[in-house]
Amino acid sequence: MNHLVLKHIYKKYSNGADAPYAVKDLSLEIPEGSFVGILGPSGCGKSTTLRMVAGLEEITAGDLEIAGKKCNHVPSKDRGVGLAFEEYALYPPLTVYDNIAFCLRAKKVPKAEVDQRVRAIAATMKVEELLKEKVGGLSGGQKQRVNIARALVRNPKILLLDEPLSHLDQKMRQILRREIKKLHNEIKCTTILVTHDQMEALSLADYIAVMDQGVLKQFGTPKEIYNEPANVFVADFIGEPPMNLLTVTANTEGDGTAFFEMEDGSCIRVPKRLQRNIEDKGRYIMGIRPTDMALTDRRDFDWECEVDVFEDLGEERTISIRIREDFCTMVTQEIQKYKKGDRIHVKLNPERVYLFDRETGERIGKGGYYGKDVQPQRAGGNCAESSDTGSLSL
Amino acid sequence: MAKVTVENLTKKYGKTTAVRNISFDLEDNEFFVLFGPAGAGKTTILNMIAGIGDPDEGRICFDGQSMNFIESSKRNVAMVFENYALYPHLTIYENIASSMRTKAHREPEEVIDREVKRIASLLRLEGLLDRKPSQVSNGQKQRAALGRAMVRKPNIFLMDEPLAHLDAKLRNAMRKELKAMQDKLQTTTLYVTHDYAEAMSLGDRIAVIHQGEICQIGTAEEVYNMPATEFVARMFGDSEINILQGVLRREDSTLKLVLPLSNRSYELPRHTAEVLEASGRKQVDVGLRSSAVRYSWRPEEGYVKGTVYTMEPLGNKVELTVKTEGGAVRLMVPVTETPDVDETIYLAFDVSGGIYFDSDSKEYIVCQKETAGKEGKR
């Protein structure tokens, strides 16, 4: 069952006719109990989306439904959402206990029940020993735990987390990330996490919504996002070192073989899988991850090229080939050393060559990795299907 | 272009000694990297060579000539800054020319024109000379900043973390740009960084600095494969090396290694066993990089059971910290592996790929790669 549904949501912060949309035609269907990451660069509309769900921002157009009920005009406090922001916004003069108990007392919950619920949630978030402390003296990690405990104590239907780990150092982030993952496995509360950190989204979320300039670029499981990017934006944004994206022109020969000619005139053989998707002289963007390229010999290769930069980084080596101003980089575990100017023969993993339309940036010829076409790009109605493909691949 | 010699350099700030008795030589045209964690004293050393800070003890020589009392501006050193510091209102041409139009280094206009064009073609900036810095890419800005430093023909290039402020993607690309330009620099270069990939990729030699002292000077291969101390070993690699306790035990007349963590004994490669035998140690520390740790999701012969404690995604890989009864182990798995927290995992250790350290002094004893290197040279 879809617990949280966004239908064609628009958001404008000012009323002018040509005022820009902070969020544009956003549709998402989020199943009950799932963990969704909203991921994108700063200014992409991810926090605005979260704030609309929370009821802190008005929705300009479109419908927001929680548990099947339209909630556009339901006040924030009646939506059953728990919120934890990057800045903890705790009450500094109060103890941890009083901070967590605050909203329950405001709702006139009986004292005994307040006590029982505060202690239970403090145990879950591992802040039991801190209950009598003032929050001013806590570390960043402890504050964020208290912050999340306070959001959870009201038994929210939906937990909203806005960059909860961004303020913390790496060690603390790692520990709290583990805690959040465990917490979600225990309480299975529908959770939305806003983050700019792809690694955080990839490691925590069941589904990721990638946004750019207010527009949803893709919605899918972490594996779909990584393996089947729907467009150039997602392909470029996800993965480190980044995917190589090369501007190419297709050349098909009479005998059925085809080549991609790059800007510097060198040619790459087109994988068979993609041949039916290309037009002769068509211009495309070809994508390949550095780990999906391998060195081979001259008997069977896709690309003959020249080493520009070779780096030995201990565990692995990188070989970069220059194409005009840019590099195309591959990562190899082989011990062989190369130097500038060496001719090498490269084979591409044919299942992992991506092709994008040069004008729209949309993916062409999907489905190498899963063996069937998945369409995770539009979220509407596709959640159940996405979760199927997700579990198949696991 | 100069040979740079640093002898017994010491620098104190009040009571704290920032740099203690540092000595190294930079060969003519060498690319030398000072590598270490924040606060190690790297920038202090660089500043003393630049003449920005005076050493309390020791000598700095360029081509045998002492620089200790020579002013910074007379040393002919060129610094490349983190933010490139190009003049935004000047074109790339004017920016590169600017260092030949200063009072100290003024050149005739025809020389300037010739030099700017020569450097521009070297750095692939020819088509961009009329543009302003805001109209070129980051890589081109970096090249322009380098070009401006190069036209002065400095004794030495000093680069203090020039890539540190870039995001991961750009930093990777810029590092490769710098590497591609390296052989065109034709200038002795001192490069300061805390990023091990930059150090390994760019350095002809690397000096690893810790708490104001040099731990090791060597090529990338030497510091990676034969680290002088456990500290050096920990500084290199995406995933920190595992340092496990080991006990050496004689079994059937051969020396074997027992890892308390897995409670098993392992055969050792011959050379490793011989050197360990000769060291007379009973206890050793075994450094195992992620590549020497194998994993399985099912129980297998020789594997130790553990549970996934944390997952730290690092690019296309995930670093797992696994808790076993004997302690924690770090390893890298592909990003496509997505274990759950607390999931059961089984680990095996390839001790022949290990780096062996003295468990008291934490200093290097032996590793298998050492013999491979020697045999290769023969």
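Two strands pair if DSSP finds at least two bridges between them. The legends below describe close-up views of a predicted model.

**Figure 1. A hairpin in chain B joins strands β17(B) and β18(B).** The connection between β17(B) and β18(B) passes through 2 residues. Strand β18 of chain B covers residues 327–334, and 8 bridges join β18(B) to β17(B) in an antiparallel arrangement. One position in this pairing is marked by B:T324, whose bridge partner in β18(B) is B:G327. On another side of the pairing pattern stands strand β16 of chain B, residues 304–314. Strand β16(B) pairs with β17(B), residues 317–324, in the antiparallel sense over 8 bridges. Here B:G306 has B:T324 of β17(B) as its bridge partner.**Figure 2. An open sheet in chain A is built from 4 strands.** The strands follow the order β2-β1-β4-β5, and their pairing is antiparallel. Strands β2 (21–31) and β5 (69–70) of chain A stand at the edges, each with a single partner strand, so one side of each has no neighbour in the sheet. Strand β4 of chain A, residues 61–66, pairs with β5(A) in the antiparallel sense over 2 bridges. Within this pairing, A:I66 stands opposite A:K69 of β5(A). In a regular strand the side chains alternate between the two faces of the sheet.

**Figure 3. Helix α2 of chain A contains several buried residues.** The helix covers residues 96–106, and its buried residues are A:V96, A:N99, A:I100, A:A101 and A:L104. An α-helix has 3.6 residues a turn, so residues three or four places apart point the same way. The cover over the buried residues of α2(A) includes two helices of chain A, α3 (111–124) and α4 (140–152). After α2(A) comes A:K108, whose phi is positive, near 60°.

**Figure 4. A:A149 and A:A209 have the most contacts inside the largest nonpolar core.** This core has 202 residues. Leaving aside neighbours within four places in sequence, A:A209 is in contact with A:L28, A:V36, A:I38, A:L39, A:L216 and A:F219.

**Figure 5. Chain A and chain B touch through residues on both chains.** In this interface, 23 residues of chain A are in contact with 25 residues of chain B. On the chain A side, the elements that give two or more residues are α5 (170–187), α6 (198–204), α7 (222–227) and β17 (309–312). Helix α5(A) provides the largest share of that side, 4 residues. By class, the chain A side holds 8 nonpolar, 6 polar and 9 charged residues.

**Figure 6. Chain A is divided into two domains, domain 1 (2–227) and domain 2 (242–349).** The centres of these domains, taken over C-alpha atoms, are separated by 42 Å. A UniProt record, an unreviewed entry, lists residues 4–238 of chain A under "domain: ABC transporter". Over residues 4–238, the chain is 36% helix and 26% strand. The end C-alpha atoms of that stretch are 25 Å apart. In chain A there are 10 helices and 22 strands. The C-alpha trace of chain A spans about 80 × 50 × 40 Å along its principal axes. Of its 394 residues, 43% count as buried. Among the contacts in chain A with a separation of 6 or more, 65% are made by residues 24 or more positions apart.

**Figure 7. In chain B, domain 1 (4–228) and domain 2 (238–376) are the two parts of the division.** A distance of 38 Å separates the domain centres, taken over C-alpha atoms. Where the domains touch, 4 residues of domain 1 of chain B are in contact with 6 residues of domain 2 of chain B. The domain 1 side of this contact has 3 nonpolar residues, 1 polar residue and no charged residues. Chain B has 10 helices and 21 strands, and its C-alpha trace spans about 80 × 50 × 45 Å along the principal axes. Of the 378 residues of chain B, 40% count as buried. Residues 24 or more positions apart account for 65% of the chain B contacts with a separation of 6 or more.

Methods
Residues are numbered from 1 along each chain as its sequence is written. Chains are lettered from A and ligands numbered from 1 in the order in which they are written. This is a predicted model: local features need pLDDT of at least 70, side-chain atom pairs count only at pLDDT 80 or more; totals for chains, interfaces and linings use all residues. Domain bounds come from an automatic or database domain assignment. A residue is buried if 20 or more other C-beta atoms lie within 10 Å of its own, exposed if 12 or fewer, and partly exposed in between; C-beta atoms are placed from the backbone. Two residues are in contact if their C-beta atoms, placed from the backbone, lie within 7 Å. Ala, Val, Leu, Ile, Met, Phe, Trp, Tyr, Cys and Pro count as nonpolar, Asp, Glu, Lys and Arg as charged, and the others, Gly among them, as polar. UniProt positions are given in the numbering used here, feature names are shortened, and annotations may be inferred rather than shown by experiment. A nonpolar core is a set of buried Ala, Val, Leu, Ile, Met, Phe, Trp, Tyr and Cys residues joined through C-beta atoms within 7 Å.
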